[in-house]
Amino acid sequence: MSRVLVLNSGSSSVKYRLFDGTETVAKGLVERIGESGGEVADHRAALQGIMDEIDLTGLAAAGHRVVHGGAEFTGPTVITDEVVARVEALVPLAPLHNPAALTGIEVARKLLPDVPQVAVFDTAFHATIPPEGVTWAISRELAERWQIRRYGFHGTSHAYVSRRTAQVLGRDPAQTNVITLHLGNGASACAVEGGRSVATSMGMSPLPGLVMGTRSGDIDPTVIFHLHRVAGLPLDEIETSLTRHGGLQGMAGVNDLRAVLDLRAAGDPDATLAFDVYCRRIREYVGSYLAVLGRVDAIAFTAGVGENSAAVRAASLSGLEPLGIVIDPERNERRDEVISPPGARIPVCVIPTDEELEIADQSRTALSLDR
Ligand code: ADP
C-alpha cells in the first residue's frame, strides 16, 4: 500500500487529499490564498500548513492536477526540471489555469525533495481523439504556428467515470462505449470508445461546449467581433463576459443550478429559459456523440449537477426514447446507479466522479507503484 498526496492548486486555493491505497486518510482545502483577511499569505505557506497537518510517513508520491498539457503530455508524467519548463511553455495556452499548478509543483518539490512528483493533466485523456475531432477548419499554417486545436479538459473525470460506468454495468471497459456528461461548475461531454476519448466538447480552453455556471459554452465566434467592433468592448472585457459572466449566470443572474431551479419553480422566465438552454445543449451533444460512436452502451451523468439534479437528467434526455434512451422517473429521483428501466437499449447511469482518486491512481501508474 503506498501513500499518495494529491494536490490541486488553483489561483487562490489548494485542495489536497492523502490516500493510503484507495482510502482517504486526510483531506482539506485552503482558500483565499493571498487575499486580505485570507487564511495564508501564499502557496508556500498554504502547502507548508498542509504538510504540517498531515502524516507524511511512507509518502510514495505527490500527484499534481495540471489543467493544460498541450499536445505533448498524453499521460501522467513524472516531474523533472525539464517537465516543469515544458509546462511553463504551455502557459500562453492556459494563462488562467497553469500558473497556479506550476506554483504548487514548485513549492511541493521544495518541501518534499525526496518524494517523486507526478503531473496529471486534464487534457491527457483526450490525446486519443483522432485528428478530425481536434482540428478546426482554419488555415493550417495559423493552427500549427499558434497551437490552435481542440485539447479538451476534465479528462481524469471522463476516464474515471467511463470506466466505472462499464464496471457498474458488468462490462469490460475496453469493450464499452460511453457518453459521459460531467456537469459541475464547469461542464463537458465526452464520447468514450472502449476506454479511449474520441470526442469532447471543450476546446483549446474550457470555454466551449456545454452551458456552464459562468461560461457561455458554444457561441458563434462572430459574437466576439461584434462586441468588439460594434459595441466597442475591449477584448479582455469580452473574455470576462464569456468566461465569468456567461452561462447560467449570464442568462439567469445566478451561477448555481440550485438557484436556477428555485427561480424557475417560482416562475422566473429568465431562469426557465436558462434551464431549457442548458438541457437542450446537453441533448445536442448526446445526439452528436451517438453519431460519432455509432454504438453507445451507456450514458453517464456525473459531477455536482449530473449527480444531484434529477430535473436536469430528465430534461436533457427527454424525447430520445425512439433512440432507446429512457429514464425511469422513480430511479431518477432515488438517484440509483442505473436510472433507465431494466432492459433499456442504452442504460443511463449516475456515477459520482472522483478526480483525486484517479490522479492518485495515475500517479502510481506513472511511478510503477503498487496500489
Ligand atoms: P466543480 O466543477 O467546482 O467541482 P461541482 O461538481 O461540485 O463543481 O458542481 C457544482 C454545481 O453542482 C453547483 O454549482 C450546483 O449548481 C450543482 N449542484 C450541487 N448540488 C446540487 C443539487 N442538489 N441539485 C442541483 N444542482 C446541484
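This report describes a ligand site, two helices and two buried residues in a predicted model.

## The ligand site

Eleven positions can be followed around the ligand: G184, N185, G186, D256, L257, R258, A303, G304, V305, N308 and S309. By class, three residues of this shell are nonpolar, six are polar and two are charged. Two helices, α10 (257-265) and α12 (303-308), each contribute at least two residues to the shell. Of the elements involved, α12 gives the most, with four residues.

Polar atoms of three consecutively listed residues, D256, L257 and R258, approach the ligand. In the side chain of D256, an N or O atom is 3.1 Å from an oxygen atom of the ligand. L257 takes part through its backbone, where an N or O atom lies 2.6 Å from a ligand oxygen atom. The side chain of R258 places an N or O atom 3.4 Å from a nitrogen atom of the ligand. On its own the ligand has 580 Å² of accessible area, and the protein covers 68% of that area.

## Helix α15

Helix α15 comprises twelve residues, 355-366. At 1.5 Å a residue, the helix should span 16 Å, and its end C-alpha atoms are indeed 16 Å apart, so the expected and modelled spans agree.

The helix is mostly covered, with nine of its twelve residues buried. These buried residues are E356, L357, E358, I359, A360, D361, Q362, S363 and R364. The cover over them includes the strands β1 (3-9), β2 (14-20), β4 (59-66) and β6 (117-121), together with helix α6 (155-168). Just after α15, S368 adopts a positive phi of about 55°.

## Helix α6

Helix α6, which is among the elements covering the buried residues of α15, has 14 residues. A rise of 1.5 Å a residue predicts a span of 20 Å; the end C-alpha atoms are 20 Å apart, which agrees.

Because ten of its 14 residues are buried, α6 is largely enclosed by the rest of the structure. The buried residues are G155, T156, S157, H158, A159, Y160, V161, S162, T165 and A166. The helix is followed by G170, which has a positive phi near 70°.

## Residue N177

N177 belongs to strand β7, which covers residues 177-183. Its relative accessibility is 6%, and N177 therefore counts as buried, the cut-off being under 20%.

A polar atom of the N177 side chain lies 2.8 Å from the backbone oxygen of R295. R295 also appears among the contacts of N177 when neighbours within four places in sequence are left aside. The full set of these contacts is V192, E193, G194, L293, R295, V296, D297 and A298.

## Residue V83

V83 is located in helix α2, residues 81-89. With a relative accessible area of 5%, V83 is buried. Not counting residues up to four places away in sequence, V83 touches F73, T77 and V78.

A separation to G195 can also be given for this residue. The two positions are 112 residues apart in sequence, and the C-alpha atoms of V83 and G195 are 26 Å apart in space.

Technical notes
Residues numbered from 1 in each chain as written. Predicted model: local features only at pLDDT ≥ 70, side-chain atom pairs only at ≥ 80, totals over all residues. Heavy atoms only, no water. Expected span 1.5 Å × (residues − 1). Buried < 20%, exposed > 50% of the residue type's maximum accessible area, 1.4 Å probe, protein only. Contact = heavy atoms within 4.5 Å. Near = heavy atom within 4 Å. Polar contact = N/O pair within 3.5 Å; in protein donor to acceptor, adjacent residues only side chain to side chain. Areas by Shrake-Rupley, 256 points an atom, 1.4 Å probe, with all protein chains shown as cover. Nonpolar A, V, L, I, M, F, W, Y, C, P; charged D, E, K, R; others polar.
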